[in-house]
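Ready for some practice in reading a protein fold? Keep the sequence and the 3D view open, and try each task before you look at its solution.

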Amino acid sequence: MPRFMSLIRIDEQSPYDEPDPGFEARMGALFEEIAKAGVMLETAGLTPTSQGSRVTWSGGKLSQTDGPFTETKEVVGGYAILQAKDMEEALEWTRRFLRTHPENWTVTSEVRQIDEATMGA
């Protein structure tokens, strides 16, 4: 079965209210269901960009920029690796994940199939 990477994008500059009391329960129930279905292979949140660095290769030279990356509005705040029968199934799980979040939050997920042909290249 193909694997998919879901990149969770957030706006680090936007203040997020504390989630409603049912948020953790909804997320826990979804994670339990997706794990039982054998779809979720791995997931995690990421530390803020202020704790990260970007390394760029350009013109035959390496450069490094330490965070925070204020010029970037949206950043990757977390990820999930899913194993699903096809893109539609991966998207359905992603839609369900996004629906668990409070309505006043803005969270985006970019879902892309992992190119197995390049594994280990």
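Two strands pair if DSSP finds at least two bridges between them. Helices (H or I, at least four residues) and strands (E, at least two) are DSSP runs, numbered from the N terminus. This is a predicted model, in which local features need pLDDT of at least 70 and side-chain atom pairs count only at pLDDT 80 or more, while totals for chains, interfaces and linings use all residues. Residues are numbered from 1 along each chain as its sequence is written, and side-chain values use heavy atoms, with hydrogens and water left out.

**Exercise 1. The overall plan**

Task: List the helices and strands in the order in which the chain visits them.

Solution:
- Step 1. Begin with the inventory: two helices and six strands.
- Step 2. Walk along the sequence, and the pattern reads β-α-β-β-β-β-α-β.
- Step 3. Add the dimensions: the C-alpha trace spans about 45 × 40 × 20 Å along its principal axes.

**Exercise 2. The sheet**

Task: Work out the order of the strands in the open sheet of four.

Solution:
- Step 1. Start from E1 (residues 3-11), which is joined to E5 (residues 74-83) by nine bridges, and the two run antiparallel. One of the residue pairs is Phe4 with Leu82 of E5.
- Step 2. Look for another partner of E5: strand E2 (residues 40-45) pairs with E5 over five bridges, in the antiparallel sense. Here Met40 has Leu82 as its bridge partner, and Ala44 has Tyr79.
- Step 3. Put the strands in order: E2-E5-E1-E6, with antiparallel pairing. E2 and E6 are at the edges with a single partner strand each, so one side of each has no neighbour in the sheet.
- Step 4. Check how well E5 is covered: seven of its ten residues are buried. Buried means under 20% relative accessible area, exposed means over 50%, and partly exposed lies in between (1.4 Å probe, protein chains only).

**Exercise 3. Helix H1**

Task: Which residues of H1 are buried, and which are exposed on the other side?

Solution:
- Step 1. Test the length. The expected span of a helix is 1.5 Å times one less than its number of residues. For the 14 residues of H1 this should give 20 Å, and the end C-alpha atoms are 20 Å apart, which agrees.
- Step 2. Pick out the buried residues: Phe23, Met27, Leu30 and Ile34. Seen down the axis, they fall within an arc of 65°, so they line one face of the helix. (The arc is that of the directions from the helix axis to the C-beta atoms.)
- Step 3. Turn to the other side, where Glu24, Ala25 and Lys36 are exposed.
- Step 4. Find what covers the buried residues of H1: the cover includes E2, E5 and H2. Contact here means heavy atoms within 4.5 Å.
- Step 5. Move on past the helix to Gly38, whose phi is positive, near 75°.

**Exercise 4. Helix H2**

Task: Against which elements do the buried residues of H2 pack?

Solution:
- Step 1. Repeat the length test: the 13 residues of H2 (residues 87-99) should span 18 Å, and its end C-alpha atoms are 18 Å apart, which agrees.
- Step 2. Identify the buried residues, Ala90, Trp93, Thr94 and Phe97. Viewed down the axis of H2, they stay within an arc of 100°, so they line one face.
- Step 3. Name their surroundings: these residues pack against E1, helix H1 (23-36), E5 and strand E6 (108-113).
- Step 4. Inspect the start of H2, where a side-chain oxygen of Asp86 comes within 3.3 Å of the backbone nitrogen of Glu88. A polar contact is a pair of N or O atoms within 3.5 Å; within protein, one must be able to donate a hydrogen and the other to accept it, and residues adjacent in sequence count only if both atoms are side-chain atoms.

**Exercise 5. Two loop residues**

Task: Is Thr100 buried or exposed? Where is Pro68 found?

Solution:
- Step 1. Locate Thr100 in the loop between H2 and E6. At 6% relative accessibility, Thr100 counts as buried.
- Step 2. Look at the contacts of Thr100: its side chain reaches the backbone oxygen of Phe97 at 2.6 Å. Leaving out residues up to four places away in sequence, Thr100 touches Phe23, Arg26, Met27 and Leu30.
- Step 3. Go to Pro68, in the loop between strand E4 (61-66) and E5. The peptide bond from Gly67 to Pro68 is cis, with omega near 5°.
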